[in-house]
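Trainee: I would like to look closely at a single part of this protein rather than at everything at once. Could you choose one and take me through it slowly, explaining each term as you use it?

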Amino acid sequence: MHTYNPLIILGLTATVLVSAPLAAHAESKVYKFVSGYESIRLNTSAFEELESLGLSLTSIENTAVPAPGYTYGLKYVPSPLGNDFNFRYDELTKEFESISGTVDFTGSLFFDVDTTKLNLPPQLELGDLFAEPALDFNVTDTVTTGLPIFTLVGTAPTNVDLQNQTVRLNFDAFITQEFSDFLVAAGATKQVAGLKLGEIQGDRTITQVPEPGTALAILMAGSAALGVRRRRTSSAL
């Protein structure tokens, strides 16, 4: 009659269970953003439209050197103070999938307010922007309004370079409905949701993240091997 070490059964069973879902992502791996910056090129006509409503852009606080062809740069805030964004990437299919976390930046946009047109303080600051790409592509102002002020629409496939551990993203930025409603509530004479503010390029450095499932599978496999070793030792005695 055979007896089976429970440790062996537990280890092998867990390994099989963990390996099954891993097989579905055999070619994809999880990565995280480490550092980077955002480059901005403004759509002049959009800001002229805002000025006609009483909101005039006076300056953008540069916190990073923008990429060539762009005017302004915002610095990426690395974790643990800011970003903890993770994504899954399949090198064969080029599939990029947001998983979790935020993308945070330093720097602000400053506007002079025509207080005869808008019931707002004389200066409006929108800054310390963040987004949660796993939920949506809205970019939120955390300094003044707490609102998503623009949303991002991709203009090119995400460029992932695993050899150099970099990612490049390209977007158009459009005013959100929430920010448009904020301006209308302050006295703006028309909606500006969907107005294109400009083009944005995101440059990131990345690193691979060990997946918890993989670590668990290795642990369980090691437990099984240890159980076998102990069983053989006991038999020898």
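Mentor: Of the 237 residues in the protein, 38% are buried (under 20% relative accessible area, with exposed over 50% and partly exposed in between, for a 1.4 Å probe and protein chains only). Please keep in mind that this is a predicted model, in which local features need pLDDT of at least 70 and side-chain atom pairs count only at pLDDT 80 or more, while totals for chains, interfaces and linings use all residues. Residues are numbered from 1 along each chain as its sequence is written, and side-chain values use heavy atoms, with hydrogens and water left out.

The chain contains 14 strands and 4 helices (DSSP runs numbered from the N terminus: E of at least two residues for strands, H or I of at least four for helices). If you take the contacts (heavy atoms within 4.5 Å) between residues at least 6 apart in sequence, 64% of them join residues at least 24 apart.

The part I have chosen is centred on asparagine 83, which sits in the loop that runs between β3 (72–75) and β4 (86–90). Asparagine 83 counts as buried because its relative accessibility is 0%. Once its neighbours within four places in sequence are set aside, asparagine 83 is in contact with Tyr76, Val77 and Pro78, and also with Thr102, Val103 and Asp104. With aspartate 104 there is a more specific link, since the side chain of asparagine 83 reaches the backbone nitrogen of aspartate 104 at 2.5 Å.

Now follow one of those partners, threonine 102, which is found in another loop, the one between β5 (95–100) and β6 (103–104). Threonine 102 also counts as buried, in this case because its relative accessibility is 18%. Its side chain makes a polar contact with the side chain of aspartate 104 at 2.7 Å (a pair of N or O atoms within 3.5 Å; within protein, one must be able to donate a hydrogen and the other to accept it, and residues adjacent in sequence count only if both atoms are side-chain atoms). Not counting residues up to four places away in sequence, threonine 102 touches Gly82, Asn83, Asp84 and Phe85, together with Phe130, Ala131 and Glu132.

To put the picture together, aspartate 104 is reached at its backbone nitrogen by the side chain of asparagine 83, while the side chain of aspartate 104 pairs with that of threonine 102, and asparagine 83 and threonine 102 are themselves in contact.
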